[in-house]
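Thanks for coming, everyone. Let me put the structure up, and then we'll walk through it piece by piece.

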Amino acid sequence: MDLKDIRRVLILGAGTMGQQIGLLCAFHGYEVVIYDLKQDILDNAYSRIQKRAGKWVLANQFPPEKKEPALRRITMTDNLDKAAEGVDLISESVPEDPEIKGGIFHEFHKRCKEETIFTTNTSSLLPSMFAKKSGRPDRLCALHFHDISITNIVDVMPHADTSPEVTRLVTAFARAIGQIPIVLKRENNGYVFNNMLMALMDSALSMASHGIAPIEEIDRSWMGIMHTLIGPFGIMDSIGLDTVWKVTDYWARQLNYEKAITNAAFVRKYVDEGKLGLKSGEGFYGYPEPAYARPDFISGISLSSEEK
Ligand SMILES: NC(=O)c1ccc[n+]([C@@H]2O[C@H](COP(=O)([O-])OP(=O)(O)OC[C@H]3O[C@@H](n4cnc5c(N)ncnc54)[C@H](O)[C@@H]3O)[C@@H](O)[C@H]2O)c1
């Protein structure tokens with residue numbers, strides 16, 4: 001199989017990610033079929049896809065004349081047999097549960113041709129957790145997207161039984177849909193970026209929760225030295241503190257060590273007060289004008305009250 005043999009892409013799950021990945025593939029000339037459980041989910045998803053296509057054109061991500069042809073390349077179905085017809089590559093974005101992912105892949109393993117490649121967009125699971133259940137472990141690997149509207153960096157991550165040919169083809173496919181693939185040699189929780197981000201958040205939370213330095217000082221240190229517009233606490237606010245809590249709590253349970261437990265409890269206090277970050281208007285910072293976005297933030301004019 002060559003890259004040119006990939007023409008028809010099946011998206012599993014018409015949610016937040018499935019909609020974006022489907023539209024992205026259609027804009028790059030692929031025939032796209034999107035599968036989900038019910039027709040009303042699909043109808044709703046298609047109207048969101050139409051709106052998003054308009055936004056991507058307005059943001060100059062794609063020329064306006066490509067919009068209608070891209071939308072015409074997308075079909076939606078809740079029928080397994082119809083969805084599987086002539087599919088060369090699957091991109092899966094169903095809920096983050098190895099049973100659901102393995103189960104739906106297995107349904108399509110029974111219906112798709114032998115060469116069809118299976119890719120998963122899982123954020124936190126490892127492909128090996130459902131590779132066997134999929135029925136074709138050698139043709140399964142992760143193709144993981146971040147927020148498609150803000151970055152075109154993707155991860156390509158094989159598991160131990162992925163054939164090298166599949167990793168090569170998925171990498172080429174990622175480039176064909178305008179993405180920059182980061183190719184891992186083997187499985188790793190959180191791929192590359194998320195793994196580093198977790199370490200940064202973990203360290204920042206630990207310092208704040210143990211009273212080593214205030215939140216603003218930690219962000220100022222990172223932003224001032226790395227010349228970034230946002231620091232670890234600003235990033236956590238933009239992710240959403242409910243999500244940050246879920247991840248830190250998960251690791252606190254997995255690792256059961258003091259630092260992780262204190263970090264989870266520290267974030268939980270904000271979540272319990274309804275402070276979810278950017279989306280709720282308040283988190284570690286207040287919005288829409290967070291202190292870290294002020295021109296004098298790094299220089300220290302906005303020093304903590306003890307220092308004034
Ligand atoms: N949201 C993100 O920012 C993000 C980023 C990268 C990766 N991911 C990963 O992408 C996957 C999907 O996330 P999402 O945010 O799009 O979720 P979502 O909840 O928005 O969408 C999931 C969709 O899957 C459908 N679904 C459920 N069971 C199904 C089945 N058996 N067959 C087909 N469809 C089924 C649901 O009806 C829903 O429409 C997850 O694995 C997540 O970890 C999410």
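Start at F118: its bridge partner in β6 is L140. Strands β5 and β6 run parallel and are joined by three bridges. A word on terms: strands here are DSSP runs of E with at least two residues, helices are runs of H or I with at least four, and both are numbered from the N terminus. Two strands count as paired if DSSP finds at least two bridges between them.

Before going on, a caution: this is a predicted model, where local features need pLDDT of at least 70, side-chain atom pairs count only at pLDDT 80 or more, and totals for chains, interfaces and linings use all residues. Residues are numbered from 1 along each chain as its sequence is written, and side-chain values use heavy atoms, with hydrogens and water left out.

Back to β6. How many of its residues are buried? Six of six, so to speak of the strand as mostly covered is fair, because buried means under 20% relative accessible area, with exposed over 50% and partly exposed in between, using a 1.4 Å probe and protein chains only. Look at the two faces. L140, A142 and H144 are buried on one side. C141, L143 and F145 are buried on the other. In a regular strand, side chains alternate between the two faces of the sheet.

On to β7. It pairs with β6 in the antiparallel sense, over five bridges. F145 stands opposite V154 in β7. V154 also has a bridge partner in β8, namely P181. Strand β7, residues 153-158, runs parallel to β8, and four bridges join them.

Now step back to the whole sheet. Eight strands form an open sheet with mixed pairing, in the order β3-β2-β1-β4-β5-β6-β7-β8. Which strands sit at the edges? They are β3 (74-77) and β8 (180-183), and each pairs on one side only. From one strand to the next, the twist averages 25°.

One helix to pick out is α5, residues 98-111. It lies across β1 (8-12), β2 (31-35), β4 (89-92), β5 (117-120) and β6 (140-145). Its direction is at about 165° to β5. Axes here are lines fitted to C-alpha atoms, for helices over the stretch in contact, and angles run from 0 to 180 degrees between N-to-C directions.

Next, the ligand. It is surrounded by 21 residues, and the closest are M17, D36, E96, K101 and S123. Near means that one of a residue's heavy atoms lies within 4 Å. Three distances are worth noting. A backbone N or O atom of T16 is 3.0 Å from an oxygen atom of the ligand. For M17, a polar backbone atom lies 2.9 Å from a ligand oxygen. For N121, an N or O atom in the side chain is 3.4 Å from a ligand oxygen. The cut-off for a polar contact is a pair of N or O atoms within 3.5 Å; within protein, one must be able to donate a hydrogen and the other to accept it, and residues adjacent in sequence count only if both atoms are side-chain atoms.

Now the division of the chain. Domain 1 covers 3-183 and domain 2 covers 193-307. Those bounds come from an automatic or database domain assignment. The C-alpha centres of the two domains lie 33 Å apart.

Over to α10, residues 232-239. It is mostly covered, with six of its eight residues buried. Those are P232, F233, G234, I235, M236 and D237. What covers them includes α8 (193-209), α9, α11 (241-255) and α12. Contact, by the way, means heavy atoms within 4.5 Å.

Just before α10 comes a loop, which follows α9 (215-226). T228 is found there. T228 is partly exposed, at 28% relative accessible area. Leaving aside neighbours within four places in sequence, T228 is in contact with W222 and M223.

Last, the backbone oddities. Most residues other than glycine have a negative phi, and most peptide bonds are trans. H227, in that loop, has a positive phi of about 55° although it is not a glycine. Is H227 buried or exposed? Exposed, at 71% relative accessibility. N60 also has a positive phi, about 65°. N60 sits in the loop between α2 (39-58) and α3 (67-72). Finally, the peptide bond from Y287 to P288 is cis, with omega near 20°.
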